[in-house]
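Please consider how two protein chains may be arranged with respect to each other. The account below is meant for a reader who meets this structure for the first time.

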Number of protein chains: 2
Amino acid sequence: MDKVRVGILGFGTVGEGAYRMLMDNQAAIESKSGIGLEVVRIGVRDMDRERGAPRELFTRDLESIVRDPDIDIILELIGGLDPAESLIEAALSHGKHVVTANKELIAKQGHALMRRAASQGLDLHFEAAVGGGIPLIQPLKHQLAGNDVLKLMGIVNGTTNYILSKMTQEGRAFDEVLQEAQAAGYAEAEPSSDVDGFDAQYKLSILSSIAFGGEVRPEKIPTEGIRRIGARDIDFAKMLGYRIKLLAIAELLPEGILARVHPTMLPRQHPLANVHGVYNAVWVKGDFVGDVMLSGRGAGAFPTGSAVVGDIIDICRNIRIGGSASVQPPQEGLYVLSIDQLRTRYYMRLTVQDRPKVLGIIAGIFGEEEIGLRAMEMRELNDGLGEIVFLTHLCQEQNLQRAMARLAATEVVACVENWVRVEEESE
Amino acid sequence: MDKVRVGILGFGTVGEGAYRMLMDNQAAIESKSGIGLEVVRIGVRDMDRERGAPRELFTRDLESIVRDPDIDIILELIGGLDPAESLIEAALSHGKHVVTANKELIAKQGHALMRRAASQGLDLHFEAAVGGGIPLIQPLKHQLAGNDVLKLMGIVNGTTNYILSKMTQEGRAFDEVLQEAQAAGYAEAEPSSDVDGFDAQYKLSILSSIAFGGEVRPEKIPTEGIRRIGARDIDFAKMLGYRIKLLAIAELLPEGILARVHPTMLPRQHPLANVHGVYNAVWVKGDFVGDVMLSGRGAGAFPTGSAVVGDIIDICRNIRIGGSASVQPPQEGLYVLSIDQLRTRYYMRLTVQDRPKVLGIIAGIFGEEEIGLRAMEMRELNDGLGEIVFLTHLCQEQNLQRAMARLAATEVVACVENWVRVEEESE
């Protein structure tokens with residue numbers, strides 16, 4: 001073969017970014033691939049838009065691209081399940097290698113697709129699905145492969161990290177910063193996928209499936225977004241030496257894998273606490289390597305295009321030497337634990353009646369639920385109310401939830417205003 | 001083939017770390033490799049030492065290992081040039097894949113060895129040569145391969161980072177902290193390779209050769225260590241909002257590659273400024289990916305063992321599918337610039353005579369050398385002397401050097417106490 005031929009499905013910002021990179025850096029990319037490379041077809045829904053590629057490459061007939069016998073690699077950049085899934089299946093069944101940036105599809109159907117690709121000796125790469133241009137998936141598959149991963153924690157959604165960073169730096173409220181982020185193009189008009197944590201959930205599903213070598217389905221990952229984080233909680237976090245981040249966390253416990261996405265208080269000196277704005281980062285702890293952190297721009301046409309092109313180069317090399325599909329798909333069934341089994345630390349903020357017995361009643365409930373306290377702060381509010389903030393020692397999630405329900409039900413507690421899980425050490 | 005057989009040359013801490021990892025995580029490693037894996041021979045100089053592997057594996061006859069027709073992969077962990085180089089050459093000529101952690105050998109002879117391995121369809125991997133267990137070499141070869149790398153900066157020597165971190169945190173002198181580091185095992189009894197920058201020079205030679213796709217020979221990298229950094233400079237750096245780090249820097253300029261190793265003042269908020277103690281990190285800026293940072297433990301038996309085992313797993317996969325040597329060795333000849341062509345910013349500290357004309361004379365020299373100043377601080381010392389600290393704007397290295405020589409020669413300057421290059425932005 002003299003040349004590898006690529007067909008692209010979908011030509012939004014990432015498609016244009018990847019295409020531009022393939023053109024701008026063509027000589028270097030071909031030299032590194034060891035073989036020529038040509039984009040021969042681009043499938044889009046709307047033929048009338050002005051686009052950054054020659055008009056004659058475009059077609060509305062996406063099916064024809066995945067069937068085209070001259071095409072070796074399909075680059076899927078449509079996103080979502082339908083029609084991306086059936087197009088990738090068709091591409092594999094026609095013997096084509098696949099590169100995709102589709103986090104929802106890989107999170108939900110990645111295992112079936114990986115097995116199918118492997119059984120046909122085809123590469124299915126998806127580095128761009130998590131963390132934009134940051135090398136993450138492949139380092140977990142390759143350089144870190146000798147490790148049992150013990151824990152991974154990531155800031156994998158740039159929109160929420162931007163919002164939380166702004167709230168922290170400027171002391172402003174969630175709604176206000178969200179609107180500003182929407183106006184600036186950092187958040188979608190329909191922001192739920194980002195701010196409610198689903199984007200991070202898909203990405204954690206993908207990362208933890210690779211890291212732990214088995215399927216961690218997205219619907220098994222308890223997920224909370226950042227809507228309930230207020231300026232007041234961010235202030236308290238600061239005062240106590242923490243920063244609040246939306247973290248995707250997965251860890252290997254004796255009983256199974258515990259994975260979760262939620263706002264988290266991190267000590268200010270933790271490396272993830274210093275990842276600001278639209279940057280993403282994933283921190284991994286392996287049994288031999290210790291802790292490693294990989295960070296960079298988690299989104300955008302060019303960073304994501306960079307990951308896509310890296311995948312294409314690898315597939316070209318493999319085609320050249322006849323060495324595709326070297327990595328086995330994850331096999332093991334993993335037992336995914338309920339969040340009730342989590343043991344961690346908590347921050348909690350209560351509004352209470354300013355009465356003599358308050359502390360005794362609250363302390364009694366914590367004591368009965370076996371929740372130790374390591375810090376407390378109390379102040380008077382107006383109208384006979386007071387505010388109490390607690391940091392707990394390690395305790396069981398279900399005890400904490402039970403304690404909160406009991407606190408909310410007592411007369412002396414006007415309101416459990418908020419609570420946030422706390423990650424203490426870098427271990 | 002049912003099984004891949006590994007022969008190890010040298011069994012120091014990294015060898016023991018890698019062997020322990022292969023044993024402890026054997027099932028997972030074989031599942032990821034898709035093939036069985038066995039260490040069949042270990043070559044050492046001293047047979048009498050107690051070691052963490054079965055006695056019958058050991059031999060003093062290293063030559064017999066690289067010739068053994070039953071062995072598929074040679075893991076070279078002797079270090080240095082002799083006999084490592086001739087053993088690796090012999091291994092390649094006997095058709096064996098090679099994994100090495102030998103930074104000196106790869107820096108000095110890596111290109112010849114890579115070409116030789118590629119021409120025989122063999123893998124030569126050396127992830128462990130830089131940054132211990134941090135994925136660095138392979139991400140540059142693979143996930144970032146589509147980028148023209150514009151600049152890379154790394155903290156690649158843990159000993160000097162430990163010493164500078166201690167000096168910064170505790171306000172102590174270099175000699176004192178070095179002695180303590182030696183006692184604690186963080187620095188060698190003969191510390192020159194670390195504190196004079198040669199270890200970092202080898203590593204930068206390797207990283208920049210891969211990043212820029214051509215040979216950057218170590219002897220072409222101007223290298224300065226940290227011996228001349230005093231507690232007083234660290235204090236001034238802190239006061240001005242900087243931290244001093246030993247950085248390995250390489251950048252792509254219109255005229256060629258400029259690579260250098262020296263103590264550098266970095267703004268406190270730069271991600272590399274927050275890499276402390278024995279941690280290493282490499283920050284890479286690519287034309288499409290933007291900036292990416294990879295960090296972790298840069299040394300130690302287990303982290304380095306982790307990188308070695310990752311390389312072995314990859315080679316096993318390639319052997320299984322018959323797809324070795326997919327990555328072409330770097331080809332291009334690179335033009336490596338002299339440090340005279342550097343344009344950067346500088347910190348400078350002078351002891352001067354406390355006389356009225358001092359500032360005018362100094363300002364005159366800076367003006368004639370086209371060096372603009374953006375900050376200055378002056379204070380009285382005893383005995384009719386004063387101290388002046390400058391931060392310059394961007395200027396040419398050769399002008400700065402000339403200005404320093406001229407300053408040292410004037411009567412009003414008692415001494416050019418110190419100077420440090422400053423990296424200003426993260427771009």
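The following paragraphs treat the contact between the chains, the strands that join them and the symmetry that relates them.

This is a predicted model, in which local features need pLDDT of at least 70 and side-chain atom pairs count only at pLDDT 80 or more, while totals for chains, interfaces and linings use all residues. Residues are numbered from 1 along each chain as its sequence is written, and chains are lettered from A and ligands numbered from 1 in the order in which they are written.

Chain B touches chain A through 52 of its residues, which meet 52 residues of chain A; contact here requires that the C-beta atoms of two residues, placed from the backbone, lie within 7 Å. On the side of chain B that touches chain A, two or more residues come from each of helix H2 (26-33), helix H6 (137-141), strand E11 (290-297) and helix H12 (301-321). Helices (H or I, at least four residues) and strands (E, at least two) are DSSP runs, numbered from the N terminus. H12(B) supplies the largest share, 12 residues.

Strand E11 (residues 290-297) of chain A and E11(B) run antiparallel and are joined by 5 bridges; strands pair if DSSP finds at least two bridges between them. Within this pairing, A:Ser295 has B:Met293 as its bridge partner.

How are the two copies related? A rotation of 180° with 0.0 Å of shift along its axis superposes chain B on chain A, with an RMSD of 0.0 Å; the fit is by least squares on the C-alpha atoms of residues with pLDDT of at least 70 in both copies. That is the relation of a two-fold axis. In chain B, the C-alpha nearest the axis belongs to B:Gly323, at 1.9 Å. Both copies use the same surface, as 100% of the contact residues of chain B recur in chain A.
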